[in-house]
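Me: I'd like to go through this one slowly, one helix at a time. Could you help me read it?

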Amino acid sequence: MNQTEFMNVVNPFKDKVFRMAKRILVSTEEAEDATQEILVKLWNKNESIDAYNNLEALAMTMTKNYCLDQLKSKRAGKRS
């Protein structure tokens, strides 16, 4: 899948990924970073992307997990 095809596939749910990240992380900057990180991770899975029936569901799960990991690492950083 080339870059144009990839963007055509992810554009319909890119804003949804951002909104979920914003809801979890609160910070707009952190949500933008999370969205970009998820898109990069999806691009890196580019070769196997066709194997996923519901790419949007995968992206939302990845977003939730990434954001929760960010919150955990922030909390762990405050304890030190």
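Me: Which residues of H2 are buried?

Reply: This is a predicted model, in which local features need pLDDT of at least 70, side-chain atom pairs count only at pLDDT 80 or more, and totals for chains, interfaces and linings use all residues. Residues are numbered from 1 along each chain as its sequence is written, and side-chain values use heavy atoms, with hydrogens and water left out. In H2 (helices are DSSP runs of H or I, at least four residues, numbered from the N terminus), the buried residues (under 20% relative accessible area, with a 1.4 Å probe and protein chains only) are Ala-31, Ala-34, Thr-35, Ile-38, Leu-39 and Leu-42. They cover an arc of only 135° around the axis (taken from the directions from the helix axis to the C-beta atoms), so they lie on the same side of H2.

Me: OK, and what is exposed on the other side of H2?

Reply: There, Glu-29, Gln-36 and Asn-44 are exposed, which means over 50% relative accessible area.

Me: Thr-35 caught my eye; why does it count as buried?

Reply: Thr-35 counts as buried because its relative accessibility is 8%. Leaving aside neighbours within four places in sequence, Thr-35 is in contact (heavy atoms within 4.5 Å) with Lys-14, Val-17, Phe-18 and Ala-21.

Me: And what does Ile-38 contact?

Reply: With neighbours within four places in sequence again left aside, Ile-38 is in contact with Val-17, Ala-59, Met-62, Thr-63 and Tyr-66.

Me: Switching topic, what caps the N-terminal end of H2?

Reply: Ser-27 does, with a side-chain oxygen 3.4 Å from the backbone nitrogen of Glu-29.

Key: Helices (H or I, at least four residues) and strands (E, at least two) are DSSP runs, numbered from the N terminus. A polar contact is a pair of N or O atoms within 3.5 Å; within protein, one must be able to donate a hydrogen and the other to accept it, and residues adjacent in sequence count only if both atoms are side-chain atoms.
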